[in-house]
Amino acid sequence: MRVIRATAAGGPDVLELTELPDPQPGPDELLVQVAAAGVNFMDIYRRAGVYRTTYPVVLGAEGAGTVAAVGADVTEFAVGDRVAWASAPASYAELVVVPERSALAVPAGVDDQVAAALPLQGLTAHYLVTSTFPVEAGQDVLVHAGAGGVGLLLTQLAAARGARVITTVGSAEKEALSRAAGAADVIRYTELGDLTTELPALVRDLTGGRGVQTVFDGVGKDTFDASLASLARRGGLVLFGGSSGQVPPVDPQRLNAGGSLFLTRPTLGDFTATRDELTWRADELFEAVAAGALDVRVGATFALADTADAHRALESRVTTGKVLLLP
């Protein structure tokens with residue numbers, strides 16, 4: 001089978017297309033013919049060496065496809081079933097082994113590309129609005145990178161719960177996408193001078209001087225200070241990613257001075273720790289997609305051989321929605 005692996009820590013040029021033997025499923029695993037694989041910032045962090053790993057390494061953890069073989073102890077799935085996953089290593093490949101506990105049944109009416117685009121970002125958006133700082137009707141919330149994969153889903157889910165969503169974006173095209181997803185107000189941060197002072201001032205203007213109840217920040221270093229300064233008293237900052245870089249250590253007294261603020265750095269694994277929790281979140285998402293209540297935008301697709309270009313596109317933040325590889 002063909003795979004994409006990183007030969008060493010570095011930029012997109014360390015990615016290579018190579019052939020490896022076809023894998024075989026273990027007793028509680030599925031062998032899946034990959035229809036599409038998701039490209040995510042965690043893949044970039046692993047390629048770049050931000051996440052410790054051993055090289056060479058086949059990248060990827062998310063995708064969708066059709067079950068080609070099952071292990072002896074598999075009970076939920078059979079050959080021919082369509083499945084998706086958010087956490088199966090080595091998903092930048094034509095074939096991938098997916099643990100049964102991680103596999104998600106894809107319902108009729110959801111195509112392979114949407115199924116591959118939804119798991120990681122959809123599950124992330126779901127746990128953020130339902131479990132981290134649960135979004136409630138009447139709240140004001142701020143979502144950074146509102147036209148990104150998580151941002152578009154998060155905006156839709158928060159708006160559906162009755163929140164007023166303010167987003168940040170980088171262009172007119174992204175503003176249109178964010179508004180279509182349900183954003184009430186959109187701020188183009190590229191038009192601001194000092195983000196740290198001007199963004200919170202705009203947010204407070206939009207909220208009658210209060211600030212927002214929650215900031216959902218997947219950008220990290222570039223937006224962190226502005227995020228804290230945009231919060232209302234006893235508001236919460238959810239730092240769930242670092243597309244602009246990792247946030248330096250923070251003095252907890254800043255939370256005190258900002259109005260008894262809350263700060264958390266969650267991860268998906270802790271909010272899908274059991275099979276029941278994983279399937280609950282996934283079933284709600286897939287049902288919403290099938291019913292037309294949740295739109296999943298696939299912003300760009302690349303052939304497996306062009307994975308380096310996919311990484312460059314995601315890192316440059318010119319993409320909207322989800323980036324996929326098509327083996």
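Which strands does helix 6 (residues 195-206) lie across? In this predicted model, helix 6 lies across strand 9 (140-143), strand 10 (164-169), strand 11, strand 12 (212-217) and strand 13. Helix 6 runs at about 165° to strand 11. Below is a friendly tour of the sheet under that helix, a second sheet with a buried valine, and two helix pairs.

**The parallel sheet**

- Strands 11-10-9-12-13-14, in that order, form an open sheet of 6 strands with parallel pairing.
- The edge positions go to strand 11 (185-188) and strand 14 (262-264); each has a single partner strand, so one side of each is left without a neighbour in the sheet.
- From one strand to the next, the twist averages 15°.
- Strand 14 pairs with strand 13 (residues 231-239) in the parallel sense, over 3 bridges.
- If you want a spot to look at on strand 14, try Leu-263, which stands opposite Leu-237.

**The antiparallel sheet**

- A separate listing gives an open sheet of 3 strands in the order 2-1-4, and here the pairing is antiparallel.
- Strand 2 (15-19) and strand 4 are at the edges of this sheet; because each has a single partner strand, one side of each is left without a neighbour in the sheet.
- Strand 1 (residues 2-6) and strand 2 run antiparallel and are joined by 5 bridges.
- Leu-15 in strand 2 is the bridge partner of Ala-6.
- As a reminder, strands of a sheet pair through backbone hydrogen bonds, either parallel or antiparallel.

**Val-58, a residue of strand 4**

- Val-58 belongs to strand 4 (residues 57-58).
- Is Val-58 buried or exposed? With a relative accessible area of 18%, Val-58 is buried, because buried means under 20%.
- Leaving aside residues up to four places away in sequence, Val-58 touches Val-3, Ile-4, Arg-5, Leu-20, Ala-90 and Tyr-92.
- Pro-89 is 31 residues from Val-58 along the chain, and the C-alpha atoms of the two are separated by 7.7 Å.

**Helix 3 with helix 4**

- Helix 3 (residues 119-132) and helix 4 (residues 149-160) have axes that come within 9 Å and cross at roughly 40°.
- The two helices, 3 and 4, are therefore oblique to each other, and their crossing is right-handed.
- On the helix 3 side, the contact is made by Gln-121, Gly-122, Thr-124, Ala-125, His-126, Leu-128 and Val-129.
- Helix 4 contributes Gly-149, Val-150, Leu-153, Leu-154, Leu-157 and Ala-158 to the contact.
- Sorted by class, this contact of helix 3 with helix 4 has 8 nonpolar residues, 5 polar ones and no charged ones.

**Helix 1 with helix 11**

- The axes of helix 1 (residues 41-48) and helix 11 (residues 307-315) come within 10 Å, crossing at roughly 110°.
- Helix 1 and helix 11 are therefore roughly perpendicular to each other, and the crossing is left-handed.
- Phe-41, Asp-43, Ile-44 and Arg-47 of helix 1 make the contact with His-311, Leu-314 and Glu-315 of helix 11.
- How do the residues of this contact divide by class? The contact of helix 1 with helix 11 has 3 nonpolar, 1 polar and 3 charged residues.

Technical notes
Residues numbered from 1 in each chain as written. Predicted model: local features only at pLDDT ≥ 70, side-chain atom pairs only at ≥ 80, totals over all residues. Heavy atoms only, no water. Axes fitted to C-alpha atoms, helices over the stretch in contact; angles between N-to-C directions. Parallel < 35°, antiparallel > 145°, perpendicular 65-115°, else oblique. Left-handed = near helix turned anticlockwise from the far one by under 90°. Contact = heavy atoms within 4.5 Å. Nonpolar A, V, L, I, M, F, W, Y, C, P; charged D, E, K, R; others polar. Buried < 20%, exposed > 50% of the residue type's maximum accessible area, 1.4 Å probe, protein only. Pairing = 2+ DSSP bridges.
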